[in-house]
Amino acid sequence: MTNVLIIGATGSVGSVTRQYFLDHTADQLTLMARNTRRLGQLSDRERAVTGSVTDTATLKDALKGQDVVFASLSGNLAGMAKSLVAAMDETGVKRLLFIASMGIYNEIPASVGASGNLATNPMLQGYRNAADVIEASDLNYTVIRPGWFDNGNDTDYQVTKKGEPFGGHDVSRQSIADLVMRLAHDETLGARDSLGINRK
């Protein structure tokens, strides 16, 4: 059994990942969100923490006793990443799984759609800035770079490492949840690396 903190638990990826963990593991989940009423009924394996990742006291309380942190955030991503890294350092939690975006390393080949790269899409800069903060930390991190996600029920995906060309432009939220589950249960998988994920 693993203790997993899901930050951004009410978002589209966070909520799918929450349900995937409930269905496929015996893990204990801490669900952190700004509005925890949106979580609905909690199971006996869940607890909710209301707050923002930039609220240091609340974040440190949520981190107590955790083995793994999964963060799927929006907004000032670099600032959130800095807050998260600092709080994890203070509380001694080492494993961080962080959702960024494909294209932040200009790894999208023309055949997939090179317009999705940072060089041509400045909206990706926030994801890249957050990834840079995390990669500069001493955490056992995995930055996850999904393609455009959809509601497909498949887990038919491939993973690419940093420096490898990205394989495709879309992926299901279920696939992201499956990868997060695998990473949460194997601290050597994707350790201190950045993994792209796309539908095969």
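A residue counts as buried when its relative accessible area is under 20%, as exposed when that area is over 50%, and as partly exposed in between. The exercises below apply this to a predicted model.

**Exercise 1.** Determine whether Arg199 is buried, partly exposed or exposed, and identify its salt-bridge partners.

*Solution.*

Step 1. The relative accessible area of Arg199 is 21%, so this residue is partly exposed.

Step 2. Arg199 meets the side chain of Asp154 in a salt bridge, with an N to O distance of 2.9 Å. Asp154 belongs to the loop between strand 7 (148-150) and strand 8 (157-161), while Arg199 belongs to strand 10 (residues 193-199); the pair links distant parts of the chain, 45 residues apart. Asp154 is partly exposed, at 24% relative accessibility.

Step 3. Arg199 also forms a salt bridge with Asp170, and here the closest N and O atoms are 3.3 Å apart. Asp170 lies in strand 9 (residues 170-172), 29 residues from Arg199 in strand 10. With a relative accessible area of 24%, Asp170 is partly exposed.

Step 4. These residues belong to a network of salt bridges that links Asp150, Asp154, Asp170 and Arg199.

**Exercise 2.** Explain what the salt bridge between Glu46 and Arg18 ties together, and state whether the two residues are buried or exposed.

*Solution.*

Step 1. Side chains of opposite charge can pair when their charged atoms come close.

Step 2. The side chains of Glu46 and Arg18 form a salt bridge at 2.5 Å, N to O. Glu46 is in strand 3 (residues 46-50) and Arg18 is in helix 1 (residues 12-24), so the salt bridge ties together parts that are 28 residues apart in sequence.

Step 3. Glu46 has a relative accessible area of 10% and is therefore buried. Arg18 is likewise buried, with a relative accessible area of 10%.

Step 4. For context, the whole structure contains 10 salt bridges.

**Exercise 3.** Name the buried residues of helix 2, and establish how they are placed around the axis and which elements they pack against.

*Solution.*

Step 1. Helix 2 spans residues 56-63, and its buried residues include Thr58, Leu59, Ala62 and Leu63.

Step 2. These residues cover an arc of only 135° around the axis, and therefore they lie on the same side of helix 2.

Step 3. The buried residues of helix 2 pack against strand 1 (3-7), strand 2 (28-33), strand 3, strand 4 (68-71) and helix 3 (77-91).

Step 4. Just after helix 2, Gly65 adopts a positive phi of about 80°.

Methods:
Residues numbered from 1 in each chain as written. Predicted model: local features only at pLDDT ≥ 70, side-chain atom pairs only at ≥ 80, totals over all residues. Heavy atoms only, no water. Salt bridge = Lys/Arg side-chain N within 4 Å of Asp/Glu carboxyl O. Helix = DSSP H or I, 4+ residues; strand = E, 2+ residues; numbered from the N terminus. Buried < 20%, exposed > 50% of the residue type's maximum accessible area, 1.4 Å probe, protein only. Arc of directions from axis to C-beta. Contact = heavy atoms within 4.5 Å.
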